Each structure stands twice: as structure tokens, then as C-alpha cells.
Amino acid sequence: MRVPWHRSLFVRLFLLGAVIALVAVVAATWATVRSTTVAVQQEQRQSLHADATTYDALVGYAATHRSWASASALVDRLAAAVDSSVTVTDATGRVLLSSDGSTSPRSPAAARADIDPLDVDLVLLSSASAAAPAATEPVPAPCETVAGVPGCREFVVPVRAGIDPRALGPYAEPYDRGAWFRLQQRVDRCLARAGLDPVLALRRDFSAIVSSPDGHDRVARCVERSRRAVLSEYVAPPALLFMGSEPTQPSVFWDLSGDSQRRIALLAGAVLLLTSALSALFAAYVVRPLRTLAVAAGRAGSGDLAARVPARRSDEVGELARAFNDMAARREQLESARRQLVSDVSHELRTPLANVRGWVEAAQDGIAPLDAHLLSSVHEEALHLERLVDDLHELSLGDAGELRLAPVPVVVRDLLTQVAESFASPLLTVSCAPSVVIEADPVRLRQALVNLVANALRHTPPTGSVVLSAMPRTITVTDTGEGIPGEELPLVFDRFHRVDRSRTRATGGTGLGLAIVRQIMEAHGGAAAIASVLGEGTTVTLTFPAPVGAPGRPSSDAERG
């Protein structure tokens, strides 16, 4: 069953990565633009303050001196105050003054400001009350300047450039009518050449009063030209201001222009696209093995026990794949064992039942006499069936965890002697100190030892020997029989496993004895181990846990806690 796309883990991981990337890109972009904006604003404020201070001082000097010859000390003081070099050049870029001694010509286009007291920058000039344009068009004014002219009309032509009041010279004197008269005559001559009427008057801010609104641009130019002509003899010539070292063309990738904003948007989009692609790859990297695992699990659920998944990765997904493969291998092994068990059980049951049926039918048909021999054969087959059923019952109890034990201290030498006497075999001997005591269920332990001794005697020739020995926590059954091949050793405790498959039930038992021994030892918390050399003999060792309260084993209270 295919998962809908909106519930897919791949889609969720991809969207999670994309959202994280989007938030990160937006936050980083906002922080970058914000910090850049703040830094630029701070730099601009600092730069504007330094520019205004330097510009104001140099304009004040130019407004009160006729040349730049004696401004070296001022330039040096300004450079020290703003912690930057200050250079003054003429209009062509030739250096007039420089705080760092540089004489290299500068490009006029790179100048920080124009120093002209007759045309000041009102933004940078902080101490002068310069005249500012009042309007961009002539405006009507009352006829106060021309007395006795009935019905006259007057218009004010505003000033186009600011003037540092310190540069006015004699025009700053309130009663110097001669200076203002000479300036007006110069303006009127300029207007006459342009075919315009003379001005009615000039105001103290150098705005002109005219009788007609026509030609105001020409009037403003004439006033400006005349004003500059008469005031230029009182001030230093125009100059250019440079601050900092030799200027170079700035080359920056980020600023706040439209192009830079587009670059930021493109870069953010590229980063988002890249992170989205990486998110998709990461999601595929995580989801692909899970999908493979799901397909393999579906195959296993359908009965394909050979289904496996690649387990090359070393992360948690790889661990999951290896766990699945181990589970599948174990399930396949268990299924194979189950089938083999069913086959073995059916075979073991079928043979004695077939024998009993055969003997009974032969007696019924009169083929075989109903004598003691027939009854003995039937009885033997019934006993074998009983032993087989009992062994299977013991194994089922162990598989269900219901194999009950009643452990008590057991004197091992007495137990081994009883087992040896029950077999009455000259091959069997006991070697054990009287002081060896093991805590175990004596009935179950005797059952395990009987199975081991019977198996050892069955595979030991008349000239061999079987030894029952014991040490603290250990019981050993050693024979000098035919031995077991090395490849068979891991399988000898499996149910119905026979090393020699050609043996009959009469010589090979039920094939469940060693399986029962292992279950009894596991129920005691111990283990059964086997070692064998082909042609020399076999040793089976039963190992028991340390008694309660012994060093290395917790007390019963601790176990219960």
C-alpha cells in the first residue's frame, strides 16, 4: 500500500528542511540588511558631522580671506580633529593645501564638497545664516519701494544660491548705499543687454524686485553674476575639498541600492534553492532505506522468509536494517526448525505406531501367534511412545517457561553415585569430593545426568570408560567414545538431532535427551557445554550459578528488589 503524498515521511522531512532553510535565510538576510543599514547610517552621520565641521571652518576662512595662502595651520588642525587627511585644491584639482603633504592632482569629480562662500551648501554649513530661496517663481509684492506710482505691480525674484554672511564685505554695512547702488547699476546693465527692464530695487538678501513676471530667470542670472563679480574681491577663490587618502573607485558588493537589493534577493533565493535541494537529498537518504525495509517486511509477511535489506549504513537506520535481517534470519531458522520438528515428531510417532498396528493386524489375521513375544514387542513400542511423549512434554514445559524447580542443597557425590548404580555399568565410574554441594532441583538434575550418561554409554565401546566428576558449581560427564565431528557440535543440543543419522531408534534414542538437558540447565540459570575430539571422546560440562549470598552473586533480597 502506497502512502499518500501528504502523509509521506519524505514530504514532511523535505518541508521541515525547507521551512528551516527559509526561516534561516530570511533571518540572516534581515539581520544582514538591518546591520548594514545601521552601520551605513552611523557612518553617514559620523561622516556628515566631520564634513560639516571641516566645510564650515574652510568656508569661514574663505569668506574672510582673499586667498588660501595662510590656511595651512587651519587645514592641519581640521585633519587632526576629524582624524583624516584634509586636502584643498583649485577647481582643476591642483593641490593648494594638504595635511599629509600630498601634491598629486585630484579628480574634481571625487571632491567631497565645493568651497565657495558665495555659493554655500546649506546642509553642510552649520554656523552661517545664509540666504535661501524663498520661492521658485516671482511672487507679487506690495508697491512700497516705488513711491508715487499709482497702480504699480511688483514681483520678487528669489535668490538661487546661499551666501555666507561673512563674505558680504561692505554690503553687510546697513548704511552703505553706494555699494548697493553700484551693484544695482551692474544688474541693470546686464538686463539692458538682454532687453529687459531694470530692477526696481535689490533687497538685502540679494533678491530683486521687478515690475514684470517675465524674464525672471534672466534677472536671477544677472543678479547672481553681478553679485559674484562685486563680492569675489573680498573672498578666497573657489576651491574643492577632499577628505581621506587618495580616492579610489569604491568596489562593494553590498549597499542599499536597488541593484544590491536584487542581488540580495537572488542570493537568498539561490541559498534557499540549494538548502531545499539538500533537504530533498537528506529526506531521500532517510526515507529510501525505510521504504526498502517496508517492502522487505511486506514480503516477509507474505511468506518470503528469505527477504533481506541492505545494511551498509552505520547509523540508526543501518542498525534497524541489521536488526530486521537478524530477525528475518532467526525467523527463517525457527521456521526451518519447526518444519524439521514436525517432520521428526511425525516420523518418531509414525514408526512405533506402525509397528504396533502391524503386530496387531498380523495377530488378527492369524499370521502371527498372539504369544508372549508379540506382547513384548507391542509393550516395547508403547514404552517408546510413552518416553517420546514425556520428553516432548518436558520440552513444551520449558518452552512455555513452566518448568518448575524446587532447588535445595544437593550433595553431588551422593547424586552421582545413585546415577551410576542405576546403570550398573562396569564402564561407569564416579570421581567427586564429598564436600561438593550444588543448589539445584535433585529430580531435574538426576534427569539431566541420566540422559547424559545414557548417551555416553551408548557411544562408548566396551573397552572405553565414562567418568562422572564434579567440582564446585560444575558437573562433568566424560567418555572415551567415538567423538563428535566439529561441524556437528553446535547442533547436538537441537531437538531430534542425531550425529549418526543411520542409527535406529533402538540405538539412537528419541533425539531429545540433550535438548532436555539444555532446558533443565537454563531453568537453573546455568549452562550446558560440550567439547569433543573425533575418535577420542566427548566431555559435557554442566555449569551452575553461584549460590545466593556468595561473592559475585546478589542476595535474594537484592534479586527480589
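**Exercise 1. In what sense do β12 and β13 pair, and over how many bridges?**

Step 1: Find the strands. A strand is a DSSP run of E with at least two residues, and a helix is a run of H or I with at least four, both numbered from the N terminus. Here β13 covers residues 474-479, while β12 covers residues 466-471.

Step 2: Look for bridges; two strands pair if DSSP finds at least two between them. β12 and β13 have six, and the sense is antiparallel. One spot to check is V466, which stands opposite D479 in β13.

Step 3: Look at the turn. The hairpin leaves two residues between the strands, and R473 has a positive phi near 70°.

Before you go on, a note on the model: it is predicted, so local features need pLDDT of at least 70 and side-chain atom pairs count only at pLDDT 80 or more, whereas totals for chains, interfaces and linings use all residues. Residues are numbered from 1 along each chain as its sequence is written, and side-chain values use heavy atoms, with hydrogens and water left out.

**Exercise 2. Work out the strand order of the open sheet that has five strands.**

Step 1: Start at β10, which runs parallel to β12 and is joined to it by four bridges. V430 has L468 as its bridge partner in β12.

Step 2: Go to the other end. β14 and β15 (residues 537-543) pair in the antiparallel sense over seven bridges, and A528 has L542 of β15 as its bridge partner.

Step 3: Put it together: the order reads β10-β12-β13-β15-β14, with mixed pairing. The edge strands, each pairing on one side only, are β10 (428-431) and β14 (527-533). From one strand to the next, the twist averages 15°; axes are lines fitted to C-alpha atoms (for helices over the stretch in contact), with angles from 0 to 180 degrees between N-to-C directions.

**Exercise 3. Which residues of β12 lie on its covered face, and which on its uncovered one?**

Step 1: Recall the general pattern. In a regular strand the side chains alternate between the two faces of the sheet.

Step 2: Sort the residues. V466, L468 and A470 make the covered face, and V467, S469 and M471 the uncovered one.

**Exercise 4. Describe the salt bridge between R227 and E224.**

Step 1: Check the distance. A salt bridge needs a side-chain nitrogen of Lys or Arg within 4 Å of a carboxyl oxygen of Asp or Glu; this pair is at 2.5 Å, N to O.

Step 2: Place the pair. R227 and E224 are separated by about one helical turn because they sit three residues apart in helix α4 (residues 216-231).

Step 3: Judge the cover, using a 1.4 Å probe and protein chains only: buried is under 20% relative accessible area, exposed is over 50%, and partly exposed is in between. R227 counts as buried, since its relative accessibility is 1%, while E224, at 22%, is partly exposed.

Step 4: Widen the view. D116 and R228 join R227 and E224 in a network of salt bridges, and the structure holds seven salt bridges.

**Exercise 5. Is R299 or D304, the pair in a 2.7 Å salt bridge, buried or exposed?**

Step 1: Take R299, which is at 39% relative accessibility and so counts as partly exposed.

Step 2: Take D304, which has a relative accessible area of 29% and is therefore partly exposed too.
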